[in-house]
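Here's a quick look at how a few helices sit against their surroundings. Have the model open while you read.

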Amino acid sequence: MSQSIPVSWSSVEANIPQTPVQIDNLSNYDLILRCQAGLRPERNAFAELLRRYQSHVDKVLYHLAPDWQDRADLAQEVWIRVYRNIKRLNDPVKFRGWLSRIATNLFYDELRKRKRNASPLSLDAPRTVEDGDMDWEIAGDHPSPDEELTTREFYEQLKEAIADLPEVFRTTIVLREIEGMAYEDIAEITGVSLGTVKSRIARARSRLQSQLQQYLDG
């Protein structure tokens with residue numbers, strides 16, 4: 001009769017070669033789960049999230065506060081808030097929108113500190129407009145040097161036009177046209193009604209189109 005040999009499953013498992021998963025091969029979803037798993041976000045996973053989304057944060061802050069010289073400090077504060085609060089994100093799929101809300105809320109916090117809300121605007125007047133995103137594309141598969149120059153001039157003028165918008169206009173148009181956020185999410189971020197959001201976006205579009213009409217008619 002053969003004698004049984006005790007086997008330790010832990011020793012067997014230890015002999016199975018483990019293939020390490022490269023952080024940069026993980027999906028955003030898995031990175032966020034790793035950041036939520038421990039007492040603190042996993043360092044490598046968080047660093048990879050930062051690498052993937054830093055340009056997104058920079059873009060949001062640039063369009064919200066183009067004349068602020070300390071946007072890099074604001075971006076750093078955004079990621080500090082993300083680090084501290086990522087466990088509160090219930091749906092990792094919504095990370096990008098959640099990140100945009102953190103950046104936008106930080107902008108509002110700083111705006112209040114700097115007391116730049118000198119004269120609040122009344123934007124609640126109803127206005128019926130055809131809904132739809134603005135088309136900023138200039139036609140032409142192979143633009144000529146003159147067309148390339150016109151395109152560059154257009155985008156420079158667009159940046160300036162957005163920067164010149166009142167704060168409430170600028171915030172809503174950036175979140176809608178640049179970030180592609182839903183009206184409902186913008187209303188939640190800015191703390192106003194859905195109708196007010198639509199009115200602000202319509203008026204911002206009208207102002208931008210008026211300032212850039214020479215390019216849009218070309």
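## Helix faces and the core

Starting with helix H8 (residues 183–190), its buried residues are Tyr-183, Ile-186, Ala-187, Ile-189 and Thr-190. They take up an arc of only 165° around the axis, which puts them on the same side of H8. Keep in mind that this is a predicted model. The packing partners of those buried residues are helix H5 (95–113), helix H7 (167–178) and helix H9 (194–211). Just after H8 comes Gly-191, with a positive phi of about 75°.

Now for helix H4 (residues 71–85). With 15 residues at 1.5 Å a residue, H4 should span 21 Å, and its end C-alpha atoms are indeed 21 Å apart, so the two agree. Its buried residues are Leu-74, Ala-75, Val-78, Trp-79 and Val-82. Looking down the axis of H4, they fall within an arc of 140°, so they line one face of the helix. The face turned away from that buried side carries the exposed Asp-73, Gln-76 and Arg-84. Helix H3 (43–64) and H5 are among what covers the buried residues of H4.

Here are the two buried faces together:

| Helix | Buried residues | Arc |
|---|---|---|
| H8 | Tyr-183, Ile-186, Ala-187, Ile-189, Thr-190 | 165° |
| H4 | Leu-74, Ala-75, Val-78, Trp-79, Val-82 | 140° |

What about the core? The largest nonpolar core has 49 residues, of which Leu-49, Val-78, Trp-79, Val-82, Phe-95 and Leu-99 touch the most other members. H5 gives the most to this core, with 9 residues. Leaving aside residues up to four places away in sequence, Leu-99 touches Tyr-53, His-56, Val-57, Val-78, Trp-79 and Val-82.

Key. Residues numbered from 1 in each chain as written. Predicted model: local features only at pLDDT ≥ 70, side-chain atom pairs only at ≥ 80, totals over all residues. Heavy atoms only, no water. Buried < 20%, exposed > 50% of the residue type's maximum accessible area, 1.4 Å probe, protein only. Helix = DSSP H or I, 4+ residues; strand = E, 2+ residues; numbered from the N terminus. Arc of directions from axis to C-beta. Contact = heavy atoms within 4.5 Å. Expected span 1.5 Å × (residues − 1). Core = buried A, V, L, I, M, F, W, Y, C linked by side-chain atoms within 4.5 Å.
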